[in-house]
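Student: I should like to examine this structure with you, beginning with its ligand and then turning to the domains and sheets. Shall we proceed?

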Amino acid sequence: MPRTVQQKVDTAALDGIAALVGDSPLLEIHYRIDGQPRRVYAKYDTMNMTGSVKDRMAAHIVRSGYASGELKPGDSIVEASSGNTGISFAAVGRAMGHFIRIYMPDWLSQERVLLMHNFGAEVIPVSKAQGGFTGSIEMAEAYAAENENVFLPRQFDNPANIEAHELTTGPEIERQLAMFDRQADAFVAGVGTGGTVMGVSRYLRRDGRTVRAHPLEPANSPTLSTGHKVGQHRIQGISDEFIPSILKLNELDHVVDAWDGDSILMAQGLCHTLGLAVGISSGANIIGAMRLVEQMGTDATVVTILPDSNKKYLSTALCHAEPPRDDYITPNIKLDHFTAVR
Ligand SMILES: Cc1ncc(COP(=O)(O)O)c(C=O)c1O
């Protein structure tokens, strides 16, 4: 694809993107555990420009990149991604006239690849033998070293990723919880880069406020707890083989985990029972929030995020029967209904 040559930053286009990102609804989800009524709160971040939480980061990194001069009109944007980030940079980047190249492990859902192509990005599949996720990052770095005018967002290392959530997701949660007459006691989110859990917790805990902040990982692949890649899991978008540099575990509370099968069953339940179009990591995050409510007390206000929708998982286990297990939470949960504020 030919490079677009532009001289000036199109601020009207940036504002157009900003109008499509963030300000997602906050849901109050009512359910029963062993017959007892409970509730958790969740940001419905499927309602973003490309349908995922990563649009917040892409929009903010592109805007910050222009502001600092690190990103210039006509540059290529090159990133390693397990999918949603690539889709978000493809959409935001193309809207700003950039060439987009995404390095992505080749075992992630086909919908992700097709969406990136549809948004005009070049996708380079990276096999396990080529290094998988870490190989994707190395290849993006090597491409930037060998080519001119390349902007690397470096989502796993870029503080602007955290800032995106400190400036948007966190304040939205606080404002919207007040509409339910509530204040957050805890926030929990599955860790891909850690941008969401770090940014939201920094905002909610500002000026010494006491709010718990829990990273979440797959029980089948506890990289955060062990410090290295271990096991395998089906919760695409989280636990990418290593601990990202922007994730400061010493600033956070203990790691919460969720089995991938339980997360699939929860995501299916949210979809079948409540009509909420969510992906597998949303199921994991809701399980994390429900487990914290049981630990913290039934009136605790526990908030999480629903990072993306079911549409990228039509070819995955999300759309097949998943066997229940005795150690899952889902057999004891009955989802009742939700209300929402904007
Ligand atoms: C589906 C999904 N869930 C959760 C996350 C994790 O978000 P973060 O990178 O902010 O930790 C991602 C990140 O790519 C994702 O794609």
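Student: Which residues are closest to the ligand?

Tutor: In this predicted model, the ligand is surrounded by 19 residues. Two elements, α3 (84-95) and α7 (195-204), each give two or more residues to that shell. The closest residues are N84, G192, T196, G237 and S281.

Student: How many residues of the shell around the ligand are polar?

Tutor: The shell draws at least three residues from each of domain 1 and domain 2. Its charged residues number two and its nonpolar residues four. The polar residues of the shell number 13.

Student: How far apart do the C-alpha centres of domain 1 and domain 2 lie?

Tutor: The domain assignment places 22-51 + 167-322 in domain 1 and 54-151 in domain 2. Between their C-alpha centres the separation is 24 Å.

Student: How many residues of domain 1 that touch domain 2 are charged?

Tutor: The contact involves 20 residues of domain 1 and 17 residues of domain 2, counted with C-beta atoms within 7 Å. On the side of domain 1 that touches domain 2, eleven residues are polar and four are nonpolar. The charged residues on that side number five.

Student: Why is one side of β5 and of β6 left without a neighbour in the sheet?

Tutor: The open sheet has four strands, ordered β5-β4-β3-β6, with parallel pairing. One side of β5 and one side of β6 (150-151) lack a neighbour because these strands stand at the edges, each with a single partner strand.

Student: Which residue of β5 stands opposite I102?

Tutor: Strand β4 (residues 99-105) and strand β5 (residues 122-126) run parallel and are joined by five bridges. Together with helix α4 (residues 110-118), β4 and β5 make a β-α-β unit that is right-handed. The residue opposite I102 is V123.

Student: What is the average twist from one strand to the next in the sheet of seven strands?

Tutor: This open sheet follows the order β9-β8-β7-β10-β2-β1-β11, and its pairing is mixed. Its edge strands, β9 (256-258) and β11 (333-341), each pair on one side only. From one strand to the next, the twist averages 30°.

Student: Which residue of β8 stands opposite A186?

Tutor: Strand β7 (residues 186-190) runs parallel to strand β8 (residues 212-218), and five bridges join them. Opposite A186 stands R212.

Student: At what angle to β7 does α7 run?

Tutor: Helix α7, one of the elements that give two or more residues to the shell around the ligand, lies across β7, β8 and β10 (302-306). Relative to β7, α7 runs at about 165°.

Conventions. Residues are numbered from 1 along each chain as its sequence is written. This is a predicted model: local features need pLDDT of at least 70, side-chain atom pairs count only at pLDDT 80 or more; totals for chains, interfaces and linings use all residues. Domain bounds come from an automatic or database domain assignment. Two residues are in contact if their C-beta atoms, placed from the backbone, lie within 7 Å. Ala, Val, Leu, Ile, Met, Phe, Trp, Tyr, Cys and Pro count as nonpolar, Asp, Glu, Lys and Arg as charged, and the others, Gly among them, as polar. Two strands pair if DSSP finds at least two bridges between them. A crossover is right-handed if, with the strands pointing away from the viewer, the path from the first strand over the helix to the second runs clockwise. A residue is near a molecule or strand if its C-beta atom, placed from the backbone, lies within 6 Å of it. Axes are lines fitted to C-alpha atoms, for helices over the stretch in contact, and angles run from 0 to 180 degrees between N-to-C directions.
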